[in-house]
Amino acid sequence: MNREFAILSAKLRKLSLVVYWLILDWLLAPSKRILCSSCDWDETSTRFAPWFKYQFSFKDFATVASFDTYDIVIPISSDAYLALPEFLKCDPRLVSPNESTFHLCNDKRRLFDQLIELGYRDLLPIFTENEFPCLLKPLKNFNSNGVQLIENEAQLEQLRGRDDFHEHMLQAYIPGKVELASHILIRKGKIRHAWAIEYSFSEEHPINIQNCPKLRRIVRDPFLYIWEELLNRIDFDGICCIDYKPFQGSPKLLEINPRIGGSFREYAFSFFRYL
C-alpha cells in the first residue's frame with residue numbers, strides 16, 4: 001500500500017508541475033523558434049506540444065541549410081554537437097558549453113582527472129584496488145550501455161585482458177538504492193532552472209537503466225550549491241545532466257552529460273523560458 005501511495009503521489013506531483021510550467025510559459029515566456037537535433041526522443045519531447053508557445057522542431061543538423069531562422073539551437077547528442085558549423089559553437093543561441101568543456105565532460109577519465117586537480121576528489125567514486133563490487137564504464141557511452149558490475153578480483157583480471165579495456169575506466173561502486181539525474185540550466189555562472197529525477201530501486205546493486213526503478217519521481221536537488229560551483233570551475237554554460245548517488249549526506253558524482261538528459265526529455269520545455 002505504501003508503494004502504491006508513493007507512485008500515485010509521484011504522478012500527481014508530475015502532473016501539477018507540468019501544468020505549473022505550462023501556465024508560466026504562457027504568462028511569461030516569449031514565443032521562440034527552437035531547433036533540436038533529431039533523436040529517438042522526438043515524440044516524447046513534444047508530448048505537450050499542443051500547449052507550447054514555442055515553434056519546436058527536430059532536424060538532423062547536418063541537413064540544416066541555415067540556422068538563421070532559429071532563436072535557440074539544442075544538440076541532443078555528441079554527434080549532433082560535432083555536426084554543428086564552427087561559427088555556431090560560439091553563438092549565444094547554442095544551449096551547450098564551449099567545445100573544450102563539451103569534450104571534457106564526454107570523456108569520463110579526463111573529467112575525473114580535472115575534477116581531482118580542482119579539489120573535488122571527495123565527490124568522486126574513486127576505485128581502490130581490492131575493493132569490490134566496482135564498476136567498469138566506457139569512457140564514452142550513452143545511458144548505461146557497456147557498464148558492468150565487477151564483483152571480485154578474478155572477474156576484474158579477466159576483463160583486464162580485453163583489447164578495449166583501455167577505453168574503459170574503473171569506478172568504486174557507491175552503495176545505496178537511490179540515484180538521481182539532476183537536470184540543470186546554468187547561464188553566466190548562475191543556475192537558472194533545475195529539477196532532478198530520483199530513481200529508487202529494489203536490487204542490491206542497481207545500475208540505472210539496466211535495472212528498472214520501483215519508483216521514479218521529480219524532486220528538488222539539495223546539492224545545487226555544489227553543482228553550481230563545480231560547473232563554474234570547469235567553465236560550463238548551458239544545459240547538463242549530472243548523475244549522482246547520495247552517500248552519507250553528500251553526493252557522489254557519476255558523470256556529467258553536456259546535454260539534456262533523457263529522463264527529463266518530456267519536461268525539457270520547462271527550460272525554454274529561461275533561455
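The following exchange concerns salt bridges and one sheet in a predicted model.

Mentor: In this predicted model, local features need pLDDT of at least 70 and side-chain atom pairs count only at pLDDT 80 or more, while totals for chains, interfaces and linings use all residues. Residues are numbered from 1 along each chain as its sequence is written, and side-chain values use heavy atoms, with hydrogens and water left out.

Trainee: How many salt bridges does the structure hold?

Mentor: Side chains of opposite charge can pair when their charged atoms come close. A salt bridge here is a side-chain nitrogen of Lys or Arg within 4 Å of a carboxyl oxygen of Asp or Glu. The number of salt bridges in the structure is 10.

Trainee: Is Lys89, which forms a salt bridge with Glu86, buried or exposed?

Mentor: The closest N and O atoms of Lys89 and Glu86 are 3.2 Å apart, and a network of salt bridges links Glu86, Lys89 and Glu99. Buried means under 20% relative accessible area, exposed over 50%, and partly exposed in between, with a 1.4 Å probe and protein chains only. Glu86 has a relative accessible area of 53% and is therefore exposed. Lys89 has a relative accessibility of 9%, so Lys89 counts as buried.

Trainee: Where does Asp237, the salt-bridge partner of Arg187, lie in the chain?

Mentor: The side chains of Arg187 and Asp237 meet at 2.7 Å, N to O. This pair links distant parts of the chain, 50 residues apart, with Arg187 in strand S7 (residues 178-187). Helices (H or I, at least four residues) and strands (E, at least two) are DSSP runs, numbered from the N terminus. Asp237 lies in the loop between helix H7 (224-233) and strand S10 (238-247).

Trainee: Which strands are the edge strands of the open sheet with the order S5-S4-S6?

Mentor: The sheet has 3 strands with antiparallel pairing, and two strands pair if DSSP finds at least two bridges between them. Strand S4 (residues 134-138) pairs with S5 over 3 bridges. Each edge strand pairs on one side only, and these are strand S5 (148-150) and strand S6 (168-172).

Trainee: At about what angle does helix H6 run to S5?

Mentor: Axes are lines fitted to C-alpha atoms, for helices over the stretch in contact (heavy atoms within 4.5 Å), and angles run from 0 to 180 degrees between N-to-C directions. Helix H6 (residues 153-160) lies across S4, S5 and S6. Its angle to S5 is about 130°.
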